[in-house]
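Student: Hi! I've just opened this one and could use some company while I look around. Can we go through it together?
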Amino acid sequence: MQKPTNEKWYNQIGEQGDCVVSTRVRLARNLRGYPFPNRMTAQQKRELCQSVRDALLGDGSALRGEFRYLCMNEISDLQAAAMVERHLISPEFAKKRDGEALILSADESISIMLCEEDHIRIQVMRAGLAVRDALDVAQKLDYLLDERLDVAFDEQLGYLTSCPTNLGTGMRASVMLHLPAIAQAGAVSQIASAVSKIGLTMRGTYGEGSRADGSLYQLSNQITLGISEQTACDNLETIAGQIIAKEREARSNTPDQLMVDQVYRALGTLRYARMLSYDELLSLTGYLRIGVGMGLLKTVDYNTVNRLIIELGRASMAEQNNSASDPAARDTLRADIVRQALGEA
Amino acid sequence: MKCQNCNQNEATAYLRSTVNGKTTELHLCAECAKKLGVDSVDSLGAFSPMDIFGSLFSGMTPLIGKAASLKRCPDCGSSFEEIASIGKAGCPQCYTVFREEFLPTLRRIHGNAKHMGNLPSSAGVQIKTQRELESLKDQLRRAVDAQEYEKAAEYRDRIKEIEKQQEA
């Protein structure tokens, strides 16, 4: 397990930061002797959560100091919405909160949802492209659970999950890609359809429906049965690498002069704007990411960009600041924070 | 004999169906037979519980659907019909009870239906040995292809050893 730190995961330096924001690996596990959460009573949920808590964070556990245990019914709607924004929990998990619980590491890189769609969902986040590293950490936690709890498993079907689409490894690995040049060239749907033929999916994130604000796309494995965790992760990393190469090629096709102009215009707006919506922030910080990759921006790095898009979402801001509950006040405050982060001129 | 669906009324109807060589026999009361659309041969096509099935489970024959709907998971009480309509199993045991019903859909979703990933500590010795054999055979093939005959001989001996143990 990594050394305990309160520094958030997104402040750590990631691989391929010009094109990859983050990597996430999720393992779904269930325990024998309980129905799946959609058929559980609140009492059964509380009982199961407690047994997982005892298994992972009980007396003498090395993880005790590093993790927090949160009962979801003690969490406000706003806190839950902020957790969804930071990808710590799923939107579905935020909605029904009676008996569910969350185990969260101090750096927020590891979250374990209890009684979401499955009894246990281990999720590990990493900055940049780090599929194997994330898998490694998730598997260590899985090993601890396996030692202490009766995990539901079938030799033919693998780890048994509520939804048949997760049977087998119960693993979903995904990388969040920043692909403005591919999006500009209109090639996203072409890539999405190509990867679907080899067991992967690519879809827009942070956007409504297919619209991907800030040109951020999530690439993840689709198939979980009949393929090992390692092979699925290797495939994902290989294909991500090919998409990254395409993106860089497409970026290099844009005349430098034009790209440089766009990067500095974005920086200018971010440094001087007095009100910033989240959508505008996403699209402008995309240019900053390119600028960092081009070596143009000496005072800005990928971590700053990642921190801004993760911490300045609507709910996260409202949770942190009482004054940020109405949209105009929030946009003003967001612009203030961005100006501070980027060095007000 | 009690109806196999509701377990309350006396069974008055008898249904025998053979699908893919597998014969299912059902004893039903008049009410359940009517409810499930098996009260007369003519009605077999008229009522289909598949109508409400989620897209995941589309393409399965109505007869399998009907036979399955009478069976319930002893642990959680789910019928396959209920599982298919929401696209989620009721409990881990459902996969054992409804294995045959699940398999066609799983092959469609995943392309096959054999787990190749990690094993928990509770997994049997047999599957672990089987996995080791498969991996050794794969390594042997690769060693031969690469003309690394010393390595190949090592793998071959190890395979023989395991197979001998299995026979014993």
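Student: How much area do chain B and chain A bury between them?
Tutor: Happy to help, and keep in mind that this is a predicted model. Chain B and chain A bury about 2900 Å² between them, and 56% of that is on carbon and sulfur atoms.

Student: Which three residues supply the most of what chain B buries against chain A?
Tutor: Those are B:Tyr95, B:His110 and B:His115, which supply 24% of the area that chain B buries against chain A.

Student: And how many residues does each chain bring to the contact?
Tutor: The contact takes 33 residues from chain A and 33 residues from chain B.

Student: How many salt bridges are there across the interface?
Tutor: The rule finds three. One of them joins B:Glu82 to A:Arg39, with the closest N and O atoms 3.1 Å apart.

Student: Which helix of chain B gives the most to the side that touches chain A?
Tutor: That is α5(B), with six residues. By type, the residues on that side of chain B are 18 nonpolar, 11 polar and four charged.

Student: New topic: is A:Glu100 buried or exposed?
Tutor: A:Glu100 is buried, because its relative accessible area is 2%, and buried here is anything under 20%. Its place is in the loop between α3 (91-95) and β3 (101-105) of chain A.

Student: What does the side chain of A:Glu100 make a polar contact with?
Tutor: One partner is the side chain of A:Lys45, at 3.0 Å. Also, a polar atom of the A:Glu100 side chain lies 2.6 Å from the backbone nitrogen of A:Asp98.

Technical notes: Residues numbered from 1 in each chain as written. Chains lettered and ligands numbered in written order. Predicted model: local features only at pLDDT ≥ 70, side-chain atom pairs only at ≥ 80, totals over all residues. Heavy atoms only, no water. Contact = heavy atoms within 4.5 Å. Buried area = accessible area lost by both parts, 1.4 Å probe. Salt bridge = Lys/Arg side-chain N within 4 Å of Asp/Glu carboxyl O. Helix = DSSP H or I, 4+ residues; strand = E, 2+ residues; numbered from the N terminus. Nonpolar A, V, L, I, M, F, W, Y, C, P; charged D, E, K, R; others polar. Buried < 20%, exposed > 50% of the residue type's maximum accessible area, 1.4 Å probe, protein only. Polar contact = N/O pair within 3.5 Å; in protein donor to acceptor, adjacent residues only side chain to side chain.
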